[in-house]
Amino acid sequence: MLARPVPRLALLSESCLLRGSHLPKTVSQIVGKRYGSEMKKYDVALAGKHSERCLNCDTSLLGHYCHVCGQNARTAEPSLREFCYDFFEMLTHADSKVMRTIRRLFFDPARLTRDYIKGKRASEIPPIRMFFVSLLFFFAFTSVTPFHSVITEEAAEENHFVRAPAGDADSLNAKLKSQIETVTFSGPKKVQKWLHDHLLAAVDNPDEVQHVMGEWAERIVLLLLPISAAFLWVLYAFPKPIPLYDHLIVSLHSLTVLFLVVTVAAIMDNLLPDEVMNWVTRGLALAMAVHLFSHLKGFYGRSAAGTILRMFFLALATIIACCLLTAALTIIGLQFGASGE
């Protein structure tokens, strides 16, 4: 093993390599005869390293990875063995990061958020990537296995839901149109006319309205991220303001858990009886509340009472925001779906 050179010589050697220039033939002349033997050995080692260059950017290599472009310094010839090695390395490495991130996301969210903000990121999946993956799973599974209706015949009769005979779509449309005709809308006359005409058109084009609303739902749901971050920024503005970036990471982790849980609930809704699913839904809602409490209290460090109070206002603001987003989605569906645009 080579003796470690003096710090000044190490800095000189590193700067020469980073500039791509050659080291002096006899480095020992710089520091004198005292370090001559060590420097000669170090020159040989550095000369061997300097001869190796990155295959991607042709930079002199200083280690196992190129310090300029990041490519692996391995120079093995392409082969099936090399492909299998890279494939299984990627698979096991990604799988371990995913499982570690999911485990911490559900059982230690506050520390996960804090570690990411402090810069400990190499061993975890980035929160923005986890957020979009959870959205992908949410829309994929809910479109295949949507929540089924739990309206009973008695509830339908009590609330006067329209039930047309099987295969009698025209009769159902006629009844719906007659009900729309009897409804009185408030507001300006132009708004009343627009709503009346588009509701009647939606009865004739329900599939198109549903298709448009499904497409726009994937876009509108992204607004939950900045909205929730803004709410947290307001709620935790006192006594000391916290950067909006921190609230954004908290929102990413919290919404990721929410979409993953709702996805699981959508799958279970089609597998379990209604009575069992009602209890499962209550349990999941309670678990989500406890998880959010643990996340907020652990990350922001406020008291339990202060965290619960902020959760109440956060829930109230979220309900209002969801109602406004749902209304916007309905208007978009009527505008572009019912009119056939």
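**Figure 1. Contacts and the overall fold.** Among contacts (heavy atoms within 4.5 Å) between residues at least 6 apart in sequence, 61% join residues at least 24 apart. This is a predicted model, where local features need pLDDT of at least 70, side-chain atom pairs count only at pLDDT 80 or more, and totals for chains, interfaces and linings use all residues. Residues are numbered from 1 along each chain as its sequence is written, and side-chain values use heavy atoms, with hydrogens and water left out. The protein has 14 helices and zero strands; both are DSSP runs numbered from the N terminus, with helices being H or I of at least four residues and strands E of at least two. Of the 341 residues, 29% count as buried. Here buried means under 20% relative accessible area, exposed means over 50%, and partly exposed is in between (1.4 Å probe, protein chains only). The accessible surface comes to about 22,500 Å², with 65% of that belonging to carbon and sulfur atoms. Areas come from the Shrake-Rupley method with a 1.4 Å probe, and for residues only the protein chains shown count as cover.

**Figure 2. The loop between helix 3 and helix 4.** This loop runs between helix 3 (36-50) and helix 4 (80-107), and aspartate 58 is found in it. Phi of aspartate 58 is near 60 degrees, a positive value in a residue other than glycine. For background, most residues other than glycine have a negative phi, and most peptide bonds are trans. Aspartate 58 also forms a salt bridge with arginine 53, with the closest N and O atoms 3.1 Å apart. A salt bridge here is a side-chain nitrogen of Lys or Arg within 4 Å of a carboxyl oxygen of Asp or Glu. Arginine 53 counts as partly exposed because its relative accessibility is 35%. Asparagine 72 is found in this loop too, and is partly exposed at a relative accessible area of 31%. Leaving aside neighbours within four places in sequence, asparagine 72 is in contact with His64 and Tyr65. The C-alpha atoms of asparagine 72 and cysteine 54 are separated by 8.4 Å, with the two residues 18 apart along the chain.

**Figure 3. Helix 5 and its salt bridge to helix 4.** In helix 5 (residues 109-118), the buried residues include Pro109, Ala110, Leu112 and Tyr116. Aspartate 115 forms a salt bridge with arginine 104, with the closest N and O atoms 2.7 Å apart. That pair links distant parts of the chain, aspartate 115 being in helix 5 and arginine 104 in helix 4, 11 residues apart. Aspartate 115 counts as buried because its relative accessibility is 14%, and arginine 104 is buried as well, with a relative accessible area of 16%. Right after helix 5 comes glycine 119, whose phi is positive, near 110 degrees.

**Figure 4. A salt bridge within helix 9.** Aspartate 197 pairs with lysine 193 in a salt bridge whose closest N and O atoms are 2.8 Å apart. The two residues sit about one helical turn apart because they are four residues apart in helix 9 (residues 189-204). Aspartate 197 counts as partly exposed at 34% relative accessibility, whereas lysine 193 counts as exposed at 56%. Elsewhere, salt bridges that share partners join Arg104, Asp115 and Glu124 into one network. A search of the whole structure finds five salt bridges.

**Figure 5. A patch of negative charge on the surface.** Asp207, Glu208, Glu215 and Glu218 gather in this patch. Patches are made of residues with over 30% relative accessible area and no salt bridge; like charges are joined within 9 Å, and nonpolar side chains (Val, Leu, Ile, Met, Phe, Trp, Tyr) within 5 Å. Lys and Arg count as positive and Asp and Glu as negative, while His and the chain ends are not counted. The place of a charge is taken as NZ of Lys, CZ of Arg, CG of Asp or CD of Glu. Aspartate 207 is found in helix 10 (residues 206-220), and counts as exposed at 61% relative accessibility.

**Figure 6. The cis peptide bond before proline 239.** Phenylalanine 238 and proline 239 are joined by a cis peptide bond, with omega about 0 degrees. Proline 239 lies in the loop between helix 11 (224-235) and helix 12 (244-269).

**Figure 7. Two settings in helix 14.** Leu309, Phe312, Phe313, Leu316, Ile320 and Leu324 make a nonpolar surface patch of about 620 Å². Isoleucine 320 lies in helix 14 (residues 304-338) and counts as partly exposed at 48% relative accessibility. Threonine 307, also in helix 14, counts as buried at 0% relative accessibility. Leaving aside neighbours within four places in sequence, threonine 307 is in contact with Phe293, Leu296, Lys297 and Arg302.
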